[in-house]
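Okay, thanks for coming, everyone. I'd like to walk you through one part of a structure that's probably new to most of you, so let's get it up on the screen.

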Amino acid sequence: MARSVASLITGRKTKYLIIVFWLALVAVAGPLAGKLTSVEDNEAKSWLPGSAESTQVLDRQAAFASADTIPAVVVYQRSSGLTETDRAQTVSDAHRFGQMAEVDGQVGGPIFSSDGQAAQIIVPLNLGPQGWDKAGDIVTSMKDVAKAGASGLSVHVTGPAGSAADSSEAFAGIDGRLLFATIGVVVVILLLTYRSPGLWLLPVVSAGVALTAAQAVIYLLAKNAGLTVNAQSAGILTVLVFGAGTDYALLLVARYREELRRHSDRHEAMAVALHRAGPAIIASAGTVVIGMLCLLFAETNSTKGLGPVAAIGVLVGLAVMLTLLPAMLVTVGRWIFWPVRPRFGSAEPTTTGLWANIGKRIANRPRITWVATGLALAVMAIGLVQLDATGLTQKESFRGNPDSIVGEEVLARHFPAGAGNPVVVISKAEQGPAVKAALASTEGIDPASVSEPVAKGGLAYVVGTLNAAADSPAAYDTVDRVRDRVHAVPGADAQVGGNTAINLDLQRAARYDRNLIIPIVLVVVLVILALLLRAVVAPLVLVATVVLSFGAALGASALVFRHIFGFGGADTSLPLFVFVFLVALGIDYNIFLMTRVREETARYGTRRAALIGLAATGGVITSAGLVLAGTFAVLATLPLTAFAEIGFAVAFGVLLDTIIVRAVLVTALNLDIGRHMWWPSRLGKIADVEPAEAAQQPNEVPA
């Protein structure tokens with residue numbers, strides 16, 4: 001069956017049908033893919049855990065104001081003290097802000113600081129359902145109004161609307177920037193890998209087709225089936241499709257080049273390559289897809305939405321690389337490999353290459369090699385004690401100093417630290433006064449700032465200002481105390497929200513997601529490996545290497561974040577995202593190596609097969625790792641700390657996995673454990689040679 005499908009894809013006539021099919025699909029999918037940004041949901045609820053108290057407060061707030069309404073805080077400062085002209089200017093500005101079409105409610109202020117050096121105006125803005133995208137333009141117009149008559153006053157816009165404006169600016173053009181940067185990285189690495197001026201074009205074109213088709217599918221699901229897509233998942237989709245898709249292309253082309261040396265007919269060579277390498281590539285992609293779908297167990301909406309988006313991207317990439325790419329390769333012929341064309345009957349260069357020689361060296365002392373390598377990785381993992389994945393403050397979230405951060409610092413110098421980000425309490429209307437009293441008496445809340453309850457629709461709305469910075473641990477402790485106090489008010493059904501409560505709930509949901517999903521992914525990977533390799537020992541060993549590799553990568557990254565990049569901390573989702581990407585994608589290389597070792601074990605025994613597998617796949621796995629690492633490193637070009645951390649950690653982890661773990665550690669373990677790797681399958685009964693003896697045999701890569 002598999003051979004028939006492979007022959008159909010590479011047939012002398014059917015190959016053209018495959019190419020025409022994908023060209024027609026891209027013609028239809030292109031316009032749909034271009035609409036993906038129009039269905040992105042970047043509002044607060046798309047990132048929040050659906051069951052969190054702060055999320056429910058957002059829903060209940062709709063009785064008082066639109067859920068699309070967020071405050072902008074305009075901050076004025078003159079270090080020598082505000083003049084009467086300055087004060088008059090702020091009063092005039094408050095009036096002008098109140099006339100803006102986007103204002104929903106009463107403009108607050110101006111409020112003057114006790115030291116006489118600053119003033120603030122709180123402007124409630126209804127930005128509509130796509131407010132995240134509109135925030136930048138509206139905040140810019142507010143700055144223009146405030147600066148028009150400032151006459152030496154420094155003016156900044158902060159608060160939730162200011163932060164939204166800076167975030168949307170950071171994400172502006174993310175798809176284009178990531179796409180072009182990713183293509184550039186892939187092209188350079190493919191040129192270095194293939195040393196051919198033309199061959200790189202086919203995998204890149206195939207990846208472009210896959211991305212377009214995947215974006216179209218995701219757009220349709222987001223528009224018609226309720227799939228949540230935001231800027232984060234859309235950005236990662238680009239990197240993942242190009243990275244994983246190019247990996248599959250490298251693995252297939254490597255096997256195709258092998259078979260071209262054994263078959264005079266390129267169609268037959270590709271059919272054999274698909275038949276031999278296809279199952280491993282499908283298993284690899286299937287593992288990634290299932291691993292990504294495990295994110296559906298997450299509480300956090302943004303994490304849950306990323307799962308199906310990433311899974312669709314990988315599935316479409318797999319389909320393109322196993323149909324369109326082979327069809328194009330057999331259509332253009334051997335000349336595409338110029339200047340090093342694989343001729344029929346020519347020697348396979350991997351037999352005497354770098355990885356064949358490395359394998360021989362490992363075979364001399366396999367136990368010492370894997371023990372020393374394992375200890376080195378364990379030492380790197382100690383760096384995990386330096387990982388502070390408790391969340392990033394607003395300032396730490398940006399690489400740079402955007403205006404909302406500057407404004408936040410000005411507010412903190414002249415007003416209560418939590419100004420502009422109040423704690424919001426919603427309760428039943430009849431218990432509003434009791435809830436107000438409970439809020440005002442809570443340690444960490446400024447009693448004078450607590451508002452009178454506003455009743456509407458059977459609910460009461462009360463706000464209060466935090467004494468601590470809104471994104472500080474002290475503020476989070478205060479939110480917990482407020483919740484304890486207001487929950488204790490009989491019959492109030494009180495719930496606490498606001499930006500600080502939202503961030504606190506996000507942190508706790510991220511920890512829950514990490515503790516739940518990581519074990520699930522490990523079990524899934526273990527089961528897939530056991531079914532694929534039809535063994536028990538090998539999957540357990542491979543999963544252990546994956547966990548060690550993840551720990552080492554994240555530990556080393558933590559040290560780099562703290563002592564080289566100077567990041568203040570790490571996003572709470574970092575460990576989970578790095579784990580899922582490294583394990584799900586890193587297992588690809590395990591599968592490709594070990595399926596080749598298994599293929600050769602029946603003829604040569606496990607230890608000899610381990611050296612053949614390393615010689616045949618070491619180069620292509622390293623190239624694939626470079627591509628994947630390069631594409632994820634592109635995330636570091638964005639001015640957002642969380643993306644830079646994910647990009648660096650995954651890129652470093654992939655390189656560590658391909659160059660050290662897969663090539664050295666796994667090969668050494670194969671050589672040391674020998675045939676027992678395949679217990680309890682029949683391969684475990686095939687007689688084996690000693691490691692040193694295996695290295696002395698001719699190092700051919702058999703047909």
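I'll talk about a sheet, its strands, and a helix that lies across some of them.

Before we start, keep in mind that this is a predicted model.

So, the sheet. It's an open one with four strands, ordered S2-S3-S1-S4, and the pairing is antiparallel. At the edges you've got S2, residues 108–112, and S4, and each of those pairs on one side only. Going from one strand to the next, the twist averages 20°.

Let's look at S1, which covers residues 69–77. How many of its nine residues are buried? Seven of them, so to speak of S1 as mostly covered is fair.

S1 has S3, residues 118–126, as an antiparallel partner, and nine bridges link the two. With S4, residues 154–158, S1 is again antiparallel, this time over five bridges.

If you want one residue to find on the screen, try Val 74. Across from it in S3 stands Ile 121. And which residue is the bridge partner of Val 74 in S4? That's Val 157.

Now over to S2. This strand runs antiparallel to S3, and three bridges join them. Here you can look for Gly 108, which stands opposite Ile 122 in S3.

Last stop, the helix. H16 takes in residues 403–414, and it lies across S1, S3 and S4. Relative to S4, H16 runs at about 105°.

That's my tour, happy to rotate the view if anybody wants another look.

Key: Residues numbered from 1 in each chain as written. Predicted model: local features only at pLDDT ≥ 70, side-chain atom pairs only at ≥ 80, totals over all residues. Heavy atoms only, no water. Buried < 20%, exposed > 50% of the residue type's maximum accessible area, 1.4 Å probe, protein only. Pairing = 2+ DSSP bridges. Axes fitted to C-alpha atoms, helices over the stretch in contact; angles between N-to-C directions. Contact = heavy atoms within 4.5 Å.
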